[in-house]
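Subject: Handing over the structure

Hi,

Here is the structure I promised to pass on to you. Have a look at it first, and then read on for what turned up in it.

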Amino acid sequence: MKKRINMPSFLLECNSIWNPLIEAFSDNVILGHDNHHVLANVGEVGLCTEKIRIMIPLEILRKYGAKQIALKKDDVIFRESEEALNYFQIEEGSVKMITNSEDGQEFIQGIFKADDSFGEPPLFSAFPYPSTATALEPTVIIKLSKEHFFTLLKENFEIHLHLDQILCQRLKYKSMILSEISFYDPEHRIMSLLKYLKEDSSRNASHANGMTRSNHTYVVPFTRQQIADMSGLRVETVIRTVKKMEGDGKLQLEGRKIKL
């Protein structure tokens, strides 16, 4: 039986590590005759597939006055409720965007990697940042002022169109996700996340060496606490659910490592 689950705000973010909900849920989720969740493939609906991932060439960004900024781990790029004044794109490293609940629980809204942009929506709608962005490791970002970013879009139609496509896909995603993710249990959410991480790892490997990896064993590079923060669950729930999934043969545990 479907169970309604409160959906944290981070699930509405695009370019997010929670894009299992973009890829896994871009396939229709139906309930099989045995009450197990079944993914019915309906083709490409994904938000952040490679062909629409936003990345403005560095030479164009520099032409419009973008600056390179080196960050140390845990450096804050912007804070929740601050005014959005710049476009950001990662050259190397990684960034996480987080919000905190009233009881202090951290939600990871997104983890962004090299060539990803982040924090754009507040630029267009003039609302404060809904989350805080910090460097997960030593990171280099490209920063372009809001004024120059809008000039870039006005003078580069293809880039502007590309961004419009992403914003439209976000709307499509929100429509889909509101009717899908709020119903499913912790196991379904964790499995969707792990499957996405594995697929993303395969894509990155194939882009790097030109070889497609299939049926490989994937070692999850995140702790149970990080998985909890990404899925909106408590760490105790993740620990208990992962152990049950091992017993059901859905994943393997080797020490502290989760393998899929």
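Let me start with a hairpin: S6 and S7 form one, with five residues between the two strands. In its turn sits Gly104, which has a positive phi of about 90°. Please keep in mind throughout that this is a predicted model.

The hairpin strands pair in the antiparallel sense over seven bridges. Strand S6 covers residues 94–100, and strand S7 covers 106–113. On its other partner, S9 (residues 132–135), S6 pairs over four bridges, again in the antiparallel sense. Met97 is a handy residue for finding your way here: its bridge partner in S7 is Gly110, and in S9 Met97 stands opposite Ala133. Val95 has a partner in S9 as well, namely Ala135. How many of the seven residues of S6 are buried? Six of them are, which leaves the strand mostly covered.

Zooming out, these strands belong to an open sheet of four, in the order S4-S9-S6-S7, with antiparallel pairing. Its edges are S4 (76–78) and S7, each of which pairs on one side only. From one strand to the next, the twist averages 30°.

There is another open sheet of four strands, also paired in the antiparallel sense, and its order is S3-S10-S5-S8. Here the edge strands are S3 (67–71) and S8 (117–118), and each of them has pairing on one side only. S5 (residues 86–92) and S10 (residues 139–145) are joined by six bridges in the antiparallel sense. If you would like a residue pair to centre your view on, Tyr87 stands opposite Leu144 in S10. Helix H4, residues 146–155, lies across S5 and S10 and runs at about 80° to S10.

Helix H4 leads on to the aromatic rings. The count of aromatic pairs comes to nine. One of them is Phe124 with Phe149: the ring centres are 6.1 Å apart and the planes stand at 70°, so this pair is edge-to-face, the angle being over 60 degrees. Phe124 lies in helix H3 (residues 121–125) and Phe149 in helix H4, so that the pair links distant parts of the chain, 25 residues apart. How does Phe149 count, buried or exposed? With a relative accessibility of 0%, Phe149 counts as buried. Phe124, in contrast, is partly exposed, with a relative accessible area of 35%.

Phe124 has a ring pair with Phe150 too. The centres of these rings are 5.5 Å apart and the planes are at 45°, so the pair is tilted. Phe150 is in helix H4, so this pair ties together parts that are 26 residues apart in sequence. Phe150 counts as partly exposed, at 25% relative accessibility. Elsewhere, ring pairs link Phe78, Phe88, Phe112, Phe118 and Tyr129 into a cluster.

Now for some helix packing. H7 (residues 224–231) and H8 (residues 235–247) pack at an angle of about 110°, and their axes are 8 Å apart. Why is H7 called roughly perpendicular to H8? The angle falls in the range from 65 to 115, so the two helices count as roughly perpendicular. On the H7 side the contact is made by Arg224, Gln225, Ile227, Ala228 and Ser231. H8 contributes Val235, Val238, Ile239 and Val242. Six of the contact residues are nonpolar, two are polar and one is charged.

One last residue to look at is Glu187, which lies in helix H6 (residues 186–209). Glu187 has 15% relative accessibility, so this residue counts as buried, the cut-off being under 20%. Leaving aside residues up to four places away in sequence, Glu187 touches Thr241, Lys244, Met245 and Lys250.

That is what I have for now. Enjoy looking through it!

Best wishes

Technical notes:
Residues are numbered from 1 along each chain as its sequence is written. This is a predicted model: local features need pLDDT of at least 70, side-chain atom pairs count only at pLDDT 80 or more; totals for chains, interfaces and linings use all residues. Side-chain values use heavy atoms; hydrogens and water are left out. Two strands pair if DSSP finds at least two bridges between them. Contact means heavy atoms within 4.5 Å. Axes are lines fitted to C-alpha atoms, for helices over the stretch in contact, and angles run from 0 to 180 degrees between N-to-C directions. Buried means under 20% relative accessible area, exposed over 50%, partly exposed in between (1.4 Å probe, protein chains only). Angles under 35 degrees count as roughly parallel, over 145 as roughly antiparallel, 65 to 115 as roughly perpendicular and the rest as oblique. Ala, Val, Leu, Ile, Met, Phe, Trp, Tyr, Cys and Pro count as nonpolar, Asp, Glu, Lys and Arg as charged, and the others, Gly among them, as polar. Rings of Phe, Tyr and Trp (its six-membered ring) pair if their centres lie within 6.5 Å; planes under 30 degrees apart count as stacked, over 60 as edge-to-face and the rest as tilted.
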